[in-house]
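Reader: Before any detail, could you show me the model, and then take my questions one by one with the criteria behind each term?

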Amino acid sequence: ATPVVASRLGGLQDMVEHEINGLHIQPGNTVELADAINRLMDDDVLHGRLARAARKKFEAQYAPDVGLEALLECYERAMVNRRRAA
């Protein structure tokens with residue numbers, strides 16, 4: 001339940017939704033990074049809202065049981081495909 005300050009780069013920009021469960025900054029922009037951190041430290045309402053959304057997204061998409069279920073589904077599809085090919 002920690003809001004993330006992420007650069008707009010690669011997968012992080014997809015995992016972290018700006019103003020939804022974290023904040024985006026331009027890669028390498030230390031001024032934006034400091035501003036984003038200060039926003040989160042100074043605004044308890046914003047921090048709380050982003051933290052709750054971050055936790056909700058984690059539980060829905062990245063929790064261990066969710067990952068395990070996705071992995072088992074992949075294995076099941078692979079076994080079905082192998083049986084069809086045999």
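**Architecture, helices and core**

Author: The secondary structure of the protein chain amounts to four helices and two strands, where helices (H or I, at least four residues) and strands (E, at least two) are DSSP runs numbered from the N terminus. This is a predicted model, in which local features need pLDDT of at least 70, side-chain atom pairs count only at pLDDT 80 or more, and totals for chains, interfaces and linings use all residues. Residues are numbered from 1 along each chain as its sequence is written, while side-chain values use heavy atoms and leave out hydrogens and water.

Reader: Which pattern does the protein chain follow when read along the sequence?

Author: The elements to be placed in order are the four helices and two strands. Read from one end of the sequence to the other, the protein chain gives β-α-β-α-α-α.

Reader: What radius of gyration does the protein chain have?

Author: The reference here is a compact globule, whose rule is 2.2 Å times the number of residues to the power 0.38, with the radius taken over C-alpha atoms. For 86 residues such a globule would come near 12 Å. The C-alpha trace, however, spans about 60 × 25 × 15 Å along its principal axes, and the radius of gyration of the protein chain is 18 Å.

Reader: How far apart are the end C-alpha atoms of helix α3?

Author: The expected span of a helix is 1.5 Å times one less than its number of residues. Helix α3 covers residues 44-62, which means that its 19 residues should span 27 Å. The model agrees with this expectation, as the end C-alpha atoms of α3 lie apart by 25 Å.

Reader: Which residue caps the N-terminal end of α3?

Author: A polar contact is a pair of N or O atoms within 3.5 Å; within protein, one must be able to donate a hydrogen and the other to accept it, and residues adjacent in sequence count only if both atoms are side-chain atoms. At the start of α2, a side-chain oxygen of Asn29 comes within 3.1 Å of the backbone nitrogen of Val31. At the N-terminal end of α3, the backbone nitrogen of Val45 lies 3.2 Å from a side-chain oxygen of the capping residue, Asp43.

Reader: Which elements do the buried residues of α3 pack against?

Author: Buried means under 20% relative accessible area, exposed means over 50%, and partly exposed falls in between (1.4 Å probe, protein chains only). In α3 the buried residues are Leu46, Gly48, Leu50, Ala51, Ala54 and Lys57. With contact meaning heavy atoms within 4.5 Å, these residues pack against α1 (12-15), β2 (22-25) and α2 (30-42).

Reader: Why is Lys57 classed as buried?

Author: Lys57 is found in helix α3, where it touches Asp14, Met15, Glu17, Asn21 and Tyr62, not counting residues up to four places away in sequence. Lys57 is buried because its relative accessible area is 13%.

Reader: Which residue of β2 is the bridge partner of Ser7?

Author: Two strands pair if DSSP finds at least two bridges between them. Strand β1 (residues 4-7) and β2 run parallel and are joined by four bridges. Within β2, the partner of Ser7 is Ile25.

Reader: Where does the side chain of His24 reach at 3.5 Å?

Author: His24 lies in strand β2, from which Gly22 and His24 point one way and Leu23 and Ile25 the other. His24 is buried, with a relative accessible area of 13%, and its contacts include Ala6, Leu12 and Val16. At 3.5 Å, the side chain of His24 reaches the backbone oxygen of Gln13.

Reader: Which six residues form the largest nonpolar core?

Author: A nonpolar core is a set of buried Ala, Val, Leu, Ile, Met, Phe, Trp, Tyr and Cys residues joined through side-chain atoms within 4.5 Å. Ala36 touches Val5, Leu23 and Ile25, not counting residues up to four places away in sequence. The largest such core consists of Leu23, Ile25, Ala36, Leu40, Leu46 and Leu50.

Reader: What phi does Glu19 have?

Author: Glu19 lies in the loop between α1 and β2 and is partly exposed, with a relative accessible area of 25%. Most residues other than glycine have a negative phi. Although Glu19 is not a glycine, its phi is positive, at about 65°.
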